[in-house]
Amino acid sequence: MPRQERAERSRASILDAAADEFDQHGYAGARLERIVERTGLTKGAVYFHFRSKLDLAKALVAEKYGNWPAIVSDIDASGLRGVEAAAELTRRVGAVFASDVRVRAAMALSQTVLPPGPDADPYDNWVGVVAGYLAQEEGALPPGLEPRALAVVAVQGFFGAYMIAAERGRLDGLPADIDRLWSALGAAFAAPA
């Protein structure tokens, strides 16, 4: 196996082990010794890629933000519009949260040890994307209800549902929670204008 491919595999193995460790024990409870043990690599090999637990956390958080543009692009290319596109976005993001330990660990890390800076509010970014989809529902919203206001409710509801499901260890119920959220928000579009 070529050296670069072996290095990439080692790095991926380390990030998987770190994500699992952070997901199970949180940042404070995570131990580098257990991460090294999970990888099957030497301590030196792990330290070659990451000098500290904080470096591992930073790499996971940075990687998390790289996932979302592809999902948004897929939805844009799918032909879905309006509420259907916004709902599909949250379904797909919810599926990633439920199935990808790296994303779950990164979410927890970005809520605790690595919160975004004041100029990098990821929730506001999500509101912008969802509001863009909802704005495609031209004329369907009752007077006085703006797409951005509805997007704020949708994003807060989605992340609240995720955090509650994660805290309860019930991520398998997240898809149903997301469907309930959009069922309730869909009533805003059905309200008489």
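Accessible areas here come from the Shrake-Rupley method with a 1.4 Å probe. With that in hand, let's work through this predicted model in a few exercises.

**Exercise 1. Work out the overall build of the protein: how many helices and strands are there, and what surface does the protein have?**

Step 1. Start with the elements: the protein has nine helices and zero strands. Going along the sequence, that reads α-α-α-α-α-α-α-α-α.

Step 2. Next, the dimensions. The C-alpha trace spans about 65 × 35 × 30 Å along its principal axes.

Step 3. Now the outside. The accessible surface comes to about 10,500 Å², and carbon and sulfur atoms hold 53% of that.

Step 4. Then the inside. The protein has 193 residues, and 39% of them count as buried.

Step 5. Finally, see who touches whom. Take the contacts with a separation of 6 or more: 68% of them join residues 24 or more positions apart.

**Exercise 2. Find out which residues of helix H2 are buried and where they sit around the helix.**

Step 1. H2 covers residues 32-39, and its buried residues are Leu32, Ile35, Val36 and Thr39. To count as buried, a residue needs under 20% relative accessible area.

Step 2. Look down the axis of H2: the buried residues fall within an arc of 100 degrees, so they line one face of the helix.

Step 3. Flip to the face turned away from that buried side, and you meet the exposed residues Glu33 and Glu37.

Step 4. What do the buried residues pack against? Their partners are helix H1 (3-29), helix H3 (43-49) and helix H4 (53-78).

Step 5. Step past the end of H2 and you reach glycine 40, with a positive phi near 80 degrees.

**Exercise 3. Decide whether helix H6 is mostly covered or mostly open, and name what covers its buried residues.**

Step 1. H6 runs over residues 101-111, and nine of its eleven residues are buried, so "mostly covered" is the right call.

Step 2. Put names to them: the buried residues are Val101, Arg102, Val103, Arg104, Ala105, Ala106, Met107, Leu109 and Ser110.

Step 3. The cover over these buried residues includes H1, H4, H5, H7 and H8.

**Exercise 4. Describe the largest pocket and the largest cavity: how much space does each hold, and what lines it?**

Step 1. Take the pocket. About 220 Å³ of space lies in the largest one. H1, H6 and H8 are the elements that each give two or more residues to its lining.

Step 2. Among the pocket's lining residues are Phe22, Asp23, Arg104, Met107, Tyr162 and Glu167. By class, the lining has seven nonpolar, two polar and three charged residues.

Step 3. On to the cavity. The structure holds one cavity of 30 Å³ or more, and the largest cavity contains about 60 Å³ of space.

Step 4. Its lining is made of Leu89, Thr90, Val93, Trp126, Val130, Val155, Phe158 and Phe159. Helix H5 (82-99), helix H7 (122-134) and helix H8 (147-168) each supply at least two of the lining residues.

Step 5. Sort that lining by class and you get seven nonpolar residues, one polar and no charged ones.

**Exercise 5. Place glycine 139: where does it lie, and is it buried or exposed?**

Step 1. Glycine 139 is in the loop between H7 and H8.

Step 2. The relative accessible area of glycine 139 is 73%. Exposed means over 50%, so glycine 139 is exposed.

Step 3. Compare its position with phenylalanine 50: the two are 89 residues apart in sequence, and their C-alpha atoms are 52 Å apart in space.

Terms used
Residues are numbered from 1 along each chain as its sequence is written. This is a predicted model: local features need pLDDT of at least 70, side-chain atom pairs count only at pLDDT 80 or more; totals for chains, interfaces and linings use all residues. Side-chain values use heavy atoms; hydrogens and water are left out. Buried means under 20% relative accessible area, exposed over 50%, partly exposed in between (1.4 Å probe, protein chains only). Helices (H or I, at least four residues) and strands (E, at least two) are DSSP runs, numbered from the N terminus. The arc is that of the directions from the helix axis to the C-beta atoms. Contact means heavy atoms within 4.5 Å. On a 1 Å grid over the protein atoms alone, a cavity is a set of points where a 1.4 Å probe fits but cannot get out, and a pocket is an open set with protein on both sides within 12 Å along at least five of seven lines; lining residues have an atom within 4 Å of a point. Grid points are joined across faces, edges and corners, and a volume is the space filled by probe spheres set on the points. Ala, Val, Leu, Ile, Met, Phe, Trp, Tyr, Cys and Pro count as nonpolar, Asp, Glu, Lys and Arg as charged, and the others, Gly among them, as polar.
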